[in-house]
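Hi,

Here is the structure I said I would pass on. Have a look at it, and then read on for what I found.

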Amino acid sequence: LRLTDNGDTLWTRLYRSPTGDSKFYKILPTQDGGYIMAGIYNQTTAKTGMGIAVKLDALGVETWQKTYGTVTDGIELHDVAQLPNGNYMFGGYSFETDTNGVAYILTTDSAGVKIADQYCGGNTSYADAIAVQGNTSYLVAGATNQYGNTYGDAYWRETETLLSGVATVAETGMKLYPNPVSGIAEIALPNNESNQMATLEVMNLAGRNMLKSENVRIKDLALNTADMPNGMYLYKVTCTDGQVHQGRFVVNHNK
């Protein structure tokens, strides 16, 4: 459905494969003035769906349609982004290695021909959002059960794209965000420490202890700065394996 700025209908279209049902989760304007859609295609007799991408021109007329996967290794595509060079990247999940799904990233050329794909996130995971940075990297976000929470944890991965495939960029340091902070700041540590417990300490520049939280699950690390005056602070995270991470942050309640 294409609307004007005030909600009047310009045109409507229906899209489907020759047989079966199609469902689309994302539509994105493309560099050529048209659109790209990402979703799932189910044949009438299939138990699992296949990923589907449909390219439209500016009037919504279909220019090409591609499906990915098979009825035995189902794929769902939930988001799509376009690289500056015209290629596309899709985020979703695949059922090839896990019946509950594994986060799945697909890279295609501008005509929808597969260039590379990648599985990430561990068992029972999915990628619902994807954003690109130039032609060299992207950020995928979704959820995963790989860290022991049966209800799932938020999951994200920053990744580089290479012509030979897709290679992961390992996260080796600690991040505190936002910084400056005026409320609650989240602390992220490398994946290999996510299942550990830790002690979080915060001090002002005079060495006064402002906060100490013990036996905190690392993947849930956060600090509340509501009672901290504006200024710079030091923080330290001590993991159960003895690893220590330190840094600085700024509290600014006036921003």
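**What turned up**

Asp32 counts as exposed, with a relative accessibility of 59%. Keep in mind that this is a predicted model.

Asp32 makes a good starting point, since its side chain meets that of Lys55 in a salt bridge, 3.1 Å from N to O. Lys55 is the buried half of that pair, at 5% relative accessibility, because anything under 20% counts as buried. The two come from distant parts of the chain: Asp32 is in the loop between β3 and β4 (35-42), while Lys55 is in strand β5, 23 residues apart.

That brings us to the sheet these strands belong to. Four strands, in the order β3-β4-β5-β6, make an open sheet with antiparallel pairing. The edges are taken by β3 (21-29) and β6 (62-68); each has a single partner strand, so one side of each has no neighbour in the sheet. On average, neighbouring strands here are turned by 20° against each other, direction ignored.

Going through the sheet strand by strand:

- β3 and β4 are antiparallel and pair over 8 bridges. One example is Ser22, whose bridge partner in β4 is Tyr41.
- β3 and β4 also form a hairpin, with 5 residues between them. Gly33 sits in the turn and has a positive phi of about 90°.
- β4 and β5 run antiparallel and are joined by 7 bridges. Here Tyr41 turns up again, with Met50 as its bridge partner in β5.
- β5 (residues 50-56) is joined to β6 by 6 bridges, and these two run antiparallel as well. Val54, for instance, has Gln65 as its bridge partner in β6.

How enclosed is β4 by the rest of the structure? Largely, because 7 of its 8 residues are buried.

Back to the salt bridges: the whole structure has 5 of them. Besides Asp32 and Lys55, there is one between Asp79 and Lys26, where the closest N and O atoms are 2.6 Å apart. This pair also links distant parts of the chain, with Asp79 in strand β7 (residues 75-82) and Lys26 in strand β3, 53 residues apart. Is Asp79 buried or exposed? Asp79 is buried, at 6% relative accessibility, and Lys26 is partly exposed, with a relative accessible area of 27%.

Another salt bridge joins the side chains of Lys212 and Glu214, at 4.0 Å from N to O. Lys212 counts as partly exposed at 47% relative accessibility, whereas Glu214 counts as exposed at 55%.

Next, the aromatic rings. The count comes to 8 aromatic pairs. In one of them, Tyr93 and Phe95 have ring centres 5.5 Å apart and planes at 80°, so the pair is edge-to-face. Tyr93 is buried, with a relative accessible area of 17%, and Phe95 counts as partly exposed at 21% relative accessibility. Tyr93 also pairs with Tyr126; that pair is tilted, at 5.8 Å centre to centre with 55° between the planes. Tyr93 is in strand β8 (residues 88-94) and Tyr126 in strand β11 (residues 125-133), so to speak a link between distant parts of the chain, 33 residues apart. Tyr126 is partly exposed, at 34% relative accessibility. Elsewhere, Tyr68, Tyr88 and Phe90 form one aromatic cluster.

There is another open sheet to look at, made of 3 strands in the order β15-β16-β19, with antiparallel pairing. Its edge strands are β15 (175-177) and β19 (222-224), each of which pairs on one side only. The twist from one strand to the next averages 20°. Strand β16 (residues 184-188) is joined to β19 by 3 bridges, and the two run antiparallel. Among the residues involved, Ile184 has Asn224 as its bridge partner in β19.

Last, the surface. Leu139, Trp156 and Tyr177 form a nonpolar patch there, with about 300 Å² of accessible area together. Leu139 lies in strand β12 (residues 137-144) and counts as partly exposed, at 40% relative accessibility.

Happy browsing!

How values were computed
Residues are numbered from 1 along each chain as its sequence is written. This is a predicted model: local features need pLDDT of at least 70, side-chain atom pairs count only at pLDDT 80 or more; totals for chains, interfaces and linings use all residues. Side-chain values use heavy atoms; hydrogens and water are left out. Two strands pair if DSSP finds at least two bridges between them. Axes are lines fitted to C-alpha atoms, for helices over the stretch in contact, and angles run from 0 to 180 degrees between N-to-C directions. Patches are made of residues with over 30% relative accessible area and no salt bridge: like charges are joined within 9 Å, nonpolar side chains (Val, Leu, Ile, Met, Phe, Trp, Tyr) within 5 Å. Accessible areas come from the Shrake-Rupley method with a 1.4 Å probe; for residues, only the protein chains shown count as cover. Buried means under 20% relative accessible area, exposed over 50%, partly exposed in between (1.4 Å probe, protein chains only). Rings of Phe, Tyr and Trp (its six-membered ring) pair if their centres lie within 6.5 Å; planes under 30 degrees apart count as stacked, over 60 as edge-to-face and the rest as tilted.
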